[in-house]
Amino acid sequence: VSGGWELEVHGTEARLVRKVAGEKITVTFNINNSIPPAVDDEAPEEQKPDEQEEPDITSTPNFVVEVIKDDTKQTLVLDCHYPEDEVSRGCFLLSAVVSFSTSAKVLPAALYSQLQDETADGTL
């Protein structure tokens with residue numbers, strides 16, 4: 001897999017793992033039911049089945065991103081999905097911050113600000 005990612009596959013479950021700058025990033029997803037239905041399932045009448053082009057198939061599974069800082073063991077877990085109207089653009093939305101654990105008593109200001117912004121505009 002490109003970009004330094006390691007791929008683990010167990011049936012329909014897949015996991016991408018990468019270590020970057022003291023952080024372990026894990027992306028987990030299941031490919032079952034991740035291909036949206038085609039817009040036009042009917043073949044043109046003038047074409048025979050063997051003359052039809054194969055459609056491009058794009059899998060858009062929901063996925064979970066887990067980021068663990070090696071030195072502090074801080075963990076951030078994000079649940080993400082592809083909205084139906086954004087699939088062609090490759091955009092995904094953050095569905096939820098599943099968990100954030102830290103040994104600090106105060107959430108880092110930059111992360112707090114970003115979460116506030118995401119919550120305010122309805123994308124979280």
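By buried I mean a residue with under 20% relative accessible area; exposed means over 50%, and partly exposed lies in between. With that cut-off, buried residues make up 19% of the 124 residues in the protein chain. Please keep in mind throughout that this is a predicted model.

Let me begin with the overall layout. The protein chain contains one helix and six strands. Read from the N terminus, the order of elements is β-β-β-β-β-β-α. Its accessible surface comes to about 9500 Å², and carbon and sulfur atoms account for 51% of that area. As for contacts with a separation of 6 or more, 32% of them involve residues 24 or more positions apart.

I turn now to the interior. Which residues make up the largest nonpolar core? There are 11 residues in all: Ala14, Leu16, Ile25, Val27, Phe29, Phe63, Val65, Val67, Leu78, Cys80 and Leu94. Two or more of these core residues come from each of strand 2 (13–20), strand 3 (23–30), strand 4 (63–69) and strand 5 (75–81). As general background, side chains in a regular strand alternate between the two faces of the sheet.

Strand 1 presents another picture. Is strand 1, residues 6–10, largely buried or in the open? Of its five residues, the number buried is zero, so strand 1 lies largely in the open. Strand 1 nevertheless has a partner: it runs antiparallel to strand 2, and five bridges join the two. One of the pairings is that of Glu8 with Arg15 in strand 2. The two strands form a hairpin with two residues between them, and Gly11 in the turn has a positive phi of about 65°. Also in strand 1 is Val9, which joins Val1 and Leu7 in a nonpolar patch on the surface. Together, these three residues have about 290 Å² of accessible area.

The next connection also deserves attention. Ala21 is found in the loop between strand 2 and strand 3. Most residues other than glycine have a negative phi. Ala21, although not a glycine, has a positive phi of about 45°. The residue is exposed, with a relative accessible area of 77%.

I come next to charged side chains. How many salt bridges does a search of the whole structure find? The search finds one. Lys69 forms a salt bridge with Glu23, and the closest N and O atoms are 3.5 Å apart. Because Lys69 lies in strand 4 and Glu23 in strand 3, the pair ties together parts that are 46 residues apart in sequence. Both ends count as partly exposed: Lys69 has 32% relative accessibility, and Glu23 has 23%.

Finally, I would point to Glu66, another residue of strand 4. At 29% relative accessibility, Glu66 counts as partly exposed. Which residues does Glu66 touch, leaving aside those up to four places away in sequence? They are Lys24, Ile25, Thr26, Thr75, Leu76 and Val77. Ile25, one of these contacts, also belongs to the largest nonpolar core. From C-alpha to C-alpha, Glu66 and Ser99 are 9.2 Å apart in space, with their positions 33 residues apart in sequence counted as the separation.

To close, I would set two elements side by side: strand 1 has zero buried residues, whereas strand 2 is among the elements giving two or more residues to the largest nonpolar core, and five bridges join these two strands.

Note on methods
Residues numbered from 1 in each chain as written. Predicted model: local features only at pLDDT ≥ 70, side-chain atom pairs only at ≥ 80, totals over all residues. Heavy atoms only, no water. Core = buried A, V, L, I, M, F, W, Y, C linked by side-chain atoms within 4.5 Å. Buried < 20%, exposed > 50% of the residue type's maximum accessible area, 1.4 Å probe, protein only. Helix = DSSP H or I, 4+ residues; strand = E, 2+ residues; numbered from the N terminus. Pairing = 2+ DSSP bridges. Patch = residues over 30% accessible without salt bridge, like charges linked within 9 Å, V, L, I, M, F, W, Y side chains within 5 Å. Areas by Shrake-Rupley, 256 points an atom, 1.4 Å probe, with all protein chains shown as cover. Salt bridge = Lys/Arg side-chain N within 4 Å of Asp/Glu carboxyl O. Contact = heavy atoms within 4.5 Å.
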